[in-house]
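The following exercises introduce a protein structure step by step. Each task is followed by a worked solution.

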Amino acid sequence: MVRGGARAMIVEVLLSFRYLIAGLAIVPAHAAAQAVLETVTQPWWQALWFRLGMLALVFALLGFGFRWRLRAIRLRNLELEKEVAERTAALSSTTEDLEKHRAGLEKSQEIAHLGNWYLDIGSHAMTWSKEMFCIFGYTQAGAVADYDKFLAAVHPDDRTFVQTEIFQALKTPDYAYDIEHRVIRPDGEIRYVHEIGEIIRAADGKPVRMIGTALDITARKQIEEALTKARMDAEMANQAKSEFMANMSHEIRTPLNAIINLSYLVAQTEMTPKQTDYLNKIQVAGRSLVRIINDILDFSKIEANRLDFEHIPFNLDDVFNTLFSSVATETDKAHLEIIYNIDRNTPHFLVGDPLRLGQVLVNLVSNAIKFTPAGEIVISVRPVRLERDQAVLCFSVRDTGIGMVPEQIERLFQPFSQADGSITRKYGGTGLGLAISKRLVNMMHGDFRVESAKGGGSTFSFTARFELSPAAPHTQHAAIDELHGLQVLVADDNATVRAVLKDYLESFGLHVMTVSNGTEALAVLEPTSDTAPYHPFDLAILDCKMPGMGGCQIAQRLRHHPRCSRLVKILMVTAYGREEIRREALSQGIDAFLVKPVSPSVLLETLLETLLALRGQNASPMHPALPASTQAETAQAQSLSGARVLLVEDNEINQEIALELLRGRGLSVTTAENGRLGVAAVQQQPFDLVLMDLQMPDMDGFEATRRIRADPRFAALPIIAMTAHAMSGDREKCLQAGMNDHVPKPIDPPQLFAVLAKWLHFDGTPSGVQSASADDAADLPEQLAGFDLANGLAKVSGNRALYRRLLSRFYRHNRTAAEEIKTALQSGDGERAHRLAHTLKGVAGNLGAKSLFTAAAKLEQVMARQGEVAATLTVFEQALEEALTVLERLEPPPNSHASVPESTDAALDLARVTPLLVDLSESLEQDFGRALQQFECLKPLLAHAPLAHELEVLEKSLAEFDVHAAEDVLLQIAGKLKITLA
């Protein structure tokens, strides 16, 4: 086609050139002819020829122009044809692409169930895409799309909502029409549709039409409903699991409570060493099982994201004291030395969760004990960052145990796993402790770190962030300046202990020298000769057990040396066999006694109580016979004694355990078997506190508490939950029901009594009765020649006032004891003499009169063998005289106290007297010290009854520790009051 066009064009050009040449040829010919004609006469034909020639020329030119123009038109036509062909081809391709895109879009809309629609506002006519008809269940053929059909298809329950949304979109510019609703297809099937629309407006703002999309979201809705159902099923399953675990916890803890606490109660009685060992093992195993249960429950709480944290002020010292109490039995058994290394810049008064912090430390220390066959465990704390209102502390637990390789460390924090299978089999455990501890540390905004080497021990460290307590007391004791410059010797074979104690002491301003054994200690403490100048240390801190020579032997040498017997104060420190070693150390005349691990605060208080005496300073009274924990228990026992407690508990074994524990502290206890009876008991008689179980038949503890709180009279009555439930939220539920606190089972006696002391604001004296004077305790000196105060106070649970009164009674009732024995022997009444010696021996032993006890026991033995008693009786008389002389100094001058007339106008409160009499009767055989305390509570209550003689006889019997006589007179009192003691 192109070649043919080119050929035609060439032909036209050649023809044009032909006419042009012909025309050009005519012009010169015409000119020549014109020239000839000018020379001759011009005929008519000459003019005609000229005109014809000119006309031919014009036609030639016109022909040439026409041909040229025709050629140009043909060329343009060819170009146009080509362009049209190209555009036609492009349009055809575009149409094909558009068709493909349209088909693809329709297919995509079909797949996505997405339809398009247009609504003419004026006519209400709607244009639907194919998929719109499918969504609404219509066939496109013959279907009419309009607004009325659309509304008719909308679910009746959603129709008003859809109309309102469309109206709002029409009325409000830029309104987001974005809704979900249901449609009902002609076949009755319900589909869910998600619509998005936009209003097109005219220049004046009036709505013209509305365009939008409709997406079939039925599948998504079905998935959402399935997920919702699955979530609800999962929540129900989780709730069922939680309830199951709570119930199982309750069922397991109830017998565990019996096992642990009954063994605790049996351990308070006289037993053989083998029985004691068995009971200790039962308690250790029981508490190990409790820890396993707690780990499983905590892990369950973590999985459910329901592990709660408290945010309360606490003292870091209390956390360390609780930590040692939790692991003391394990460390004693393993013969490991626990060392506290607390940096002097560490703040002690913090705000956070002390229970969770202690839980992490107990777990780490327990693991260290488990994997450390010998050596030491060092628990350190230092500040990482201190700010104005918060602190980041680093805690670490370093042991000298078996260590781990890197592969074992990587598996440490995985739940239900330990270092390897052999370790699990050998050492036991759930493998949850470290996983839980890591989560707890993360919740305290800290991190874990482990360093270990096979055979080289391990160090577990973690950081934790706490707020600083705004009400923190000043940690610097007012008298600490008085310690500056004092000389202290530290003797301990453990290098870590020496370094830690040296750091503590130097931070108090003391000059410290350390030695590693007893020989070195004696070399610097004992004078080399009688004439050599001697500059003793102010204090010697001696480890009780050191190679070669222990602290007790050093103390004995120093106390028997004439030049340094009392110049050096001796502070004994021990880690093993504390009770036995303490008694031995006290017998050697030490001035203070500390149990490892030693914290800075305890060491400082001990220094202030012992060293300030050198300078005549007044310090807090030091009780070397009782460690700090015992003194706290003593004060606690005195604050609880005589309080009236209602125990609401349905389990008989739990009742028996709680009764023994509570009555052992001198509390008056009434029981109720369920919540309904508990409510009735509260309404019938007054109580100082209620211990409420939660899970009981007939009426549970929650409902019982709510009913008690509904009565305004009991708004301030403390109610403590005591339950085996231990799931997350139990404590919150208790508080919401109106309870004041929560004590979990198995019952931990120290924790129970700490909670009671917190809420039971009771001074130990029944209401309306004057409390005993505190002067009795103040009159008791720190030392009595011939008396073991530690032993005597232990018999009365550390009650110094009671012990002081018993000493006074002993003095008044036994001044003629030697004469009575002599008289009985002279009259031939050997039985009475033997009985008097036996009674006096028992009294002396209970009061801690060591020399008198030994002499009376020897005299009793001689009389039992019917041997010669003269020499033995003389020794007995001397020992009795020495004891009476010492006690005579304690007696007040005559008429120093005016007699207090007895009140006779008060009625006898049998509701309070009866349980005390029953408890006293039971205690006479089991715990005489407890019986003495219960009599002190009972005496003022019986002062209003006509029982003066019986009370006097009972008091005398108890003072003489005569159990049988006390039981007889107690039966007489019960008979007069018509009370049954059985």
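**Exercise 1. Two loop residues**

Is Asp698 buried or exposed?

*Solution.* The model is predicted, so local features need pLDDT of at least 70 and side-chain atom pairs count only at pLDDT 80 or more, while totals for chains, interfaces and linings use all residues. Residues are numbered from 1 along each chain as its sequence is written, and side-chain values use heavy atoms, with hydrogens and water left out.

Step 1. Buried means under 20% relative accessible area, exposed over 50%, and partly exposed in between (1.4 Å probe, protein chains only). Asp698 has a relative accessible area of 56% and is therefore exposed.

Step 2. Helices (H or I, at least four residues) and strands (E, at least two) are DSSP runs, numbered from the N terminus. Asp698 belongs to the loop between β20 (689-692) and α21 (701-709). Its phi is near 70°, a positive value in a residue other than glycine.

Step 3. Asp174 can be treated in the same manner. Asp174 is located in the loop between α5 and β3, and its phi is positive, about 60°, although Asp174 is not a glycine. With a relative accessible area of 82%, Asp174 is exposed.

**Exercise 2. An open sheet and a helix across it**

Determine the strand order of the open sheet of 5 strands.

*Solution.* Step 1. Two strands pair if DSSP finds at least two bridges between them. The order is β2-β1-β5-β4-β3, with antiparallel pairing.

Step 2. At the edges are β2 (126-128) and β3 (177-184), each of which pairs on one side only. From one strand to the next, the twist averages 25°.

Step 3. Within this topic, strand β4 (residues 190-201) is joined to strand β5 (residues 207-216) by 9 bridges, and the two run antiparallel. Gly197 stands opposite Gly212 in β5.

Step 4. Axes are lines fitted to C-alpha atoms, for helices over the stretch in contact, and angles run from 0 to 180 degrees between N-to-C directions. Helix α5 (residues 156-171) lies across β3, β4 and β5 and runs at about 150° to β3.

**Exercise 3. The largest nonpolar core**

Which residues touch the most other members of the largest nonpolar core?

*Solution.* Step 1. A nonpolar core is a set of buried Ala, Val, Leu, Ile, Met, Phe, Trp, Tyr and Cys residues joined through side-chain atoms within 4.5 Å. The largest such core has 68 residues, of which Leu357, Phe395, Phe462, Ile541 and Leu603 touch the most other members.

Step 2. Helix α9 (residues 354-370) gives the most to this core, namely 8 residues.

Step 3. Contact means heavy atoms within 4.5 Å. Beyond its neighbours within four places in sequence, Leu357 is in contact with Phe314, Leu316, Val319, Phe395, Met444, Phe462 and Phe466.

Step 4. Another core, of 58 residues, lies apart from the largest one; among its members are Tyr803, Leu807, Ile821 and Leu938.

**Exercise 4. A pair of helices**

Describe how helix α27 (residues 817-826) packs with helix α30 (residues 870-888).

*Solution.* Step 1. The angle between them is about 160°, and their axes are 10 Å apart.

Step 2. Angles under 35 degrees count as roughly parallel, over 145 as roughly antiparallel, 65 to 115 as roughly perpendicular and the rest as oblique. Helix α27 is therefore roughly antiparallel to α30.

Step 3. On the α27 side the contact is made by Ala817, Ala818, Ile821, Lys822 and Leu825, and on the α30 side by Leu873, Phe876, Glu877 and Leu880.

**Exercise 5. Cysteines and a buried aspartate**

How many disulfides does the model contain?

*Solution.* Step 1. A disulfide is a pair of cysteine sulfur atoms within 2.5 Å. By this rule the count is 0. For Cys544, which is in no disulfide, the nearest cysteine sulfur is that of Cys552, 3.8 Å away.

Step 2. Cys544 counts as buried because its relative accessibility is 8%.

Step 3. Asp543, at 5% relative accessibility, also counts as buried. Asp543 is part of strand β15 (residues 539-543). Not counting residues up to four places away in sequence, its contacts include Asp492, Asp493, Thr574 and Lys596.

Step 4. The peptide bond from Lys596 to Pro597 is cis, with omega near 0°. Pro597 is in the loop between β17 (592-595) and α17 (600-611).
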